[in-house]
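Thanks for asking me to look this one over. Here are my notes, point by point, to read with the model open beside you.

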Amino acid sequence: MSGINRRQLLAGGVAALAATALPWWKRLALAQDGPQQQRNLLLVFVGGGWDVTASIDPKPGLTTIDSPPGDVRLFGNIPVLTGSDRPAVGNFFTTWGDLCAVVNGVEVRSIAHEECTKRILTGTNNSNRPDMGAIAGVENGADLAVPYMILGNTAFSGPYGGSTGRAGMLGQVITLLEPEFSYSAFFGNNTRFKPTDAEADLIKQHVLNRANVRQSKVGEHGLNKRRMDDFIGSVERRDLLRPMLSESEENDLTSQLEFVPQIDLALQLFKSGISRSVLIEHPGEWDTHAENNAQQLYQHQDLYTGLNTLMERLMREGLFESTTVVVVSEMSRTPKLNSQNGKDHWPVTSAMVLGSQVRGGQVYGGTDVYQNSVPTNLLTGKADDSVSTTITSAGFASGVLTLMGVDPEPYFPGVEPLRGFINS
Amino acid sequence: MTTPDDGQGGDGQTETNNGTTQEQVQYLSPTDHLVRASMALRGVRPSVEELETVRANPDALPGVVDTYIESEAFGTTIRDMHNEGLELRTFVFWFPPVGELSDLSVMELNASVQESPLRLIEHVVMNDRPYSEILTADYTVANEVVATVWGMDYNGDGESWVETRWPDQGRVHAGVLSDSFLYMRHYTTPLNAQRRRANMVTKNFLCFDFLSIDINVDGNVDLSDPEAVKDAVKSPECASCHDSLDPLSALFWRHEFFIAPGEFTRYPVSFYQPDYERVYRPLFTDREPDYFGLPANDVRELGQHIVADGRFASCTVERFYGYLAQVEPEAIPSSEAQSLRDQFIDSNMNAKALAKAIVLSDAFRIAQVTTADGEERSFLQKARPRQWSRMMEDLVGFRWEVNLDLPLDFVGGGTYGRTDLMSDSFFGYEVLAGGSDDFTVTRMVHTLNPTISLVFDAFAQEAAGYVVERDFSGMSARPLLTVGNDTNEAAVRGELAQLHLKLFAEFVEPNSEEVDRSFDLFTAALGMSNDPVRAWKTVLTAMFQDSRLIYY
């Protein structure tokens with residue numbers, strides 16, 4: 001579909017190398033040559049730190065935890081704090097609860113936003129490492145136009161920068177896809193050269209030819225080769241982004257600031273075969289150091305309204321079978337309210353995973369009455385006092401990769417993945 | 001040990017035997033080395049004259065580099081380099097054009113206000129002061145806009161950045177450690193007790209990040225009780241960080257915790273609150289201020305301690321090398337780092353000398369290295385978006401600017417204004433082109449992907465259209481194209497050879513194979529449109545997105 005010969009992107013002799021403990025650029029080459037799972041990953045990032053006791057890790061009636069108001073309802077085996085002021089939460093679990101795995105007690109082991117974000121997305125404390133979206137995108141969609149598309153802001157492509165794309169703060173990538181949408185068309189002198197299709201093809205072929213010549217001089221090996229491969233592949237594939245332009249009138253710039261337009265674009269990217277992983281970001285104010293309850297409940301209503309829409313559209317578009325949705329926030333909130341009725345940062349968070357291959361309707365992991373992570377059998381995902389393991393961000397990320405059909409060992413050597421939520 | 005080439009103008013190919021591995025090193029030619037040094041130091045390409053000088057006499061290269069580190073463009077690079085750590089250029093902390101500054105656009109105002117810590121660093125470096133002065137200077141710098149915002153005295157011409165002082169009585173000066181905008185950007189909360197600011201300082205100037213360490217918080221602690229928190233951070237699990245972090249944090253209490261600049265309705269404003277140290281500090285910490293066990297009472301003493309700390313010099317080398325060579329700290333050759341550190345200290349911390357030493361090193365001018373198993377480091381560098389903008393303006397006279405006459409209510413007033421789309425992460429393409437927005441996107445991308453390629457393609461079309469129309473109209477004093485409507489083969493080939501030299505630093509003859517390819521493109525385009533204007537636009541669109549321009 002992309003017109004790219006995967007062989008052109010391979011380093012020589014890579015297939016002869018062992019699959020474990022490889023540098024990342026060799027992993028990429030193997031991914032491009034090997035069988036690829038047709039599994040999409042939609043990462044929903046809730047930035048700022050959600051209060052999990054306001055929904056999926058309810059803790060009412062404790063002196064050790066200040067719970068927001070509400071009632072605990074059971075959806076399958078998932079207890080959720082609900083309330084009449086946020087009906088979308090209950091509606092979501094009523095409709096989709098049996099497809100949803102709730103994972104509580106994920107340890108990020110930091111309480112700083114940037115650090116926690118890095119850890120929950122990459123499973124590491126290293127911002128040079130790729131996040132779950134980048135890994136799954138490359139491993140399952142290396143020959144697509146943009147294997148990993150970032151529609152939100154916060155993501156880590158690590159060494160997979162050449163396989164990642166961005167839409168921009170306001171979705172301004174659309175201004176690059178058609179000259180009539182460009183800034184200069186509206187605000188500038190509009191002296192821009194608009195090549196005909198034939199002229200554009202001449203330009204492209206010339207640029208590619210010169211790049212191939214340069215590759216033969218300085219880009220024959222290793223990372224230099226990767227740079228030139230990225231250049232060549234990017235020129236080849238950029239026109240394939242054209243379906244990002246909506247057929248409708250809704251190509252206005254500020255739409256990407258909202259949640260539902262991001263959802264629509266993500267699904268469009270999957271349907272068009274442009275991307276295999278997409279990260280979207282809920283734009284709410286979740287960092288509730290003051291007036292925690294009112295703000296968190298408001299944001300929960302908005303988030304779950306969007307998640308309901310997401311699931312409905314996945315089903316309607318026939319994408320559910322091939323798509324896994326992972327909802328994460330980089331941290332949770334402290335068990336007790338502070339002097340401003342807010343909650344501060346807490347290093348144990350939760351996640352939700354939805355998909356046809358997810359063992360849904362269950363809670364995996366857990367927290368105790370102090371909101372600390374409890375020992376968990378990572379194979380079953382169930383709390384188990386007889387073990388010493390807890391769910392770490394690395395274990396969670398490894399589990400998601402396993403679910404996506406990606407061997408996590410090269411990325412997280414020695415880390416035991418959380419497997420309990422995966423249908424065998 | 002690898003050996004350099006003999007400077008005869010060709011690539012150096014050296015085989016070495018490093019015990020178990022056979023390493024081949026290919027070095028850049030002197031002119032390609034000059035291109036890389038120029039881009040790294042200035043963000044612009046060498047002039048044709050400079051290329052010809054070095055081509056004729058490779059020994060002249062260091063002398064040319066000397067002119068680079070004295071240039072205004074190097075000062076801009078110094079600001080860009082330090083901004084990658086300090087992350088100051090973010091829309092989240094835009095100041096509104098109100099009061100006396102209401103005739104400015106948002107872009108114009110913040111191009112000054114957000115730059116002030118970076119301008120101080122630039123001032124120190126470009127005036128050959130010891131680099132340590134960035135943390136010890138008994139002054140600050142401002143232009144008229146910044147002086148108006150903060151209420152400083154100003155005796156310059158309006159545009160110039162001149163030395164001045166913060167207006168507050170008794171305020172300690174310690175280079176950037178005194179800068180109000182630095183603390184506004186790196187805000188804190190009472191319970192955070194200035195720890196965020198302290199970590200920002202250690203991360204940037206000592207290359208030590210407290211946050212890289214895992215933490216385990218005891219859920220038994222009532223974190224809503226400041227007294228309980230004070231006790232908790234002394235527990236064995238927490239003391240390893242907090243015993244040094246908290247006394248350090250105790251030095252930063254003389255500023256507001258957080259203000260959204262959009263709240264300002266007039267200028268001057270102040271972020272300085274010396275009383276907070278007396279009123280709030282005792283509520284949230286009982287640690288006496290110190291610097292890793294050494295007594296310190298204010299940021300002046302803090303700055304003195306930092307510059308005396310051995311880590312400061314090492315961290316400075318890491319920052320300069322990482323930026324100029326576009327590598328991560330762990331990829332810096334350790335022997336190189338040690339040597340540079342020693343030279344830096346011996347030079348009385350002269351930053352220009354450090355930059356020069358880096359770009360003249362053998363490691364910097366490597367084109368390609370292969371080891372026996374095919375693994376290697378990357379040596380191709382990608383032009384950063386802001387570098388690209390400067391480079392193309394210098395090369396062809398085009399800057400991708402638009403005038404966005406859009407009101408920005410969330411800023412608190414004003415219109416957006418004229419903006420360079422390659423240096424703008426909000427409306428523009430800085431992030432899409434691989435740059436950062438200094439808030440949520442903080443990692444640069446030093447390779448190409450399809451969305452980055454889209455940016456360069458669009459830029460090329462814009463620039464080609466502008467340049468050809470301009471040059472064919474005869475309106476430019478410094479045209480890129482001089483051949484006009486003449487489609488005679490010799491004239492076109494001559495023009496193309498000049499373009500290869502100017503844009504790609506390639507010394508090629510008009511009848512060379514390289515020019516053959518460009519001429520084929522011109523001929524094919526001319527054959528399609530029968531219009532030399534469109535033919536040149538086609539050629540320039542291709543050349544302006546060539547890998548030889550994007551990577552160096």
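1. Seven salt bridges cross the interface of chain B and chain A, counting a side-chain nitrogen of Lys or Arg within 4 Å of a carboxyl oxygen of Asp or Glu. In one of them, the side chains of E199(A) and R534(B) meet with an N to O distance of 2.6 Å.

2. A word on the basis of these values: this is a predicted model, where local features need pLDDT of at least 70, side-chain atom pairs count only at pLDDT 80 or more, and totals for chains, interfaces and linings use all residues. Residues are numbered from 1 along each chain as its sequence is written, chains are lettered from A and ligands numbered from 1 in the order in which they are written, and side-chain values use heavy atoms, with hydrogens and water left out.

3. The rule also finds 35 residue pairs in polar contact across the interface of chain B and chain A, both residues at pLDDT 80 or more. Such a contact is a pair of N or O atoms within 3.5 Å; within protein, one must be able to donate a hydrogen and the other to accept it, and residues adjacent in sequence count only if both atoms are side-chain atoms.

4. On the side of chain B that touches chain A, α19(B) gives the most, with 11 residues. Helices (H or I, at least four residues) and strands (E, at least two) are DSSP runs, numbered from the N terminus.

5. How many residues does the contact take from each chain? It takes 84 from chain B and 80 from chain A, with contact meaning heavy atoms within 4.5 Å.

6. About 7,100 Å² is buried between chain B and chain A, and carbon and sulfur atoms give 59% of that area. In chain B, L380(B), P450(B) and L454(B) lose the most area to chain A, together 9% of what that side buries. Buried area here is the accessible area (1.4 Å probe) that two parts lose on being put together, summed over both.

7. Turning to chain A, there are 11 helices and 15 strands. Of its 424 residues, 63% count as buried, that is, under 20% relative accessible area (1.4 Å probe, protein chains only).

8. One residue to click on is S393(A), in helix α11 (residues 393–403) of chain A. S393(A) counts as buried because its relative accessibility is 7%. Its side chain reaches the backbone oxygen of R119(A) at 3.4 Å, and the residues that S393(A) touches include V106(A), I120(A) and G123(A), leaving aside residues up to four places away in sequence.

Note on methods:
Buried means under 20% relative accessible area, exposed over 50%, partly exposed in between (1.4 Å probe, protein chains only).
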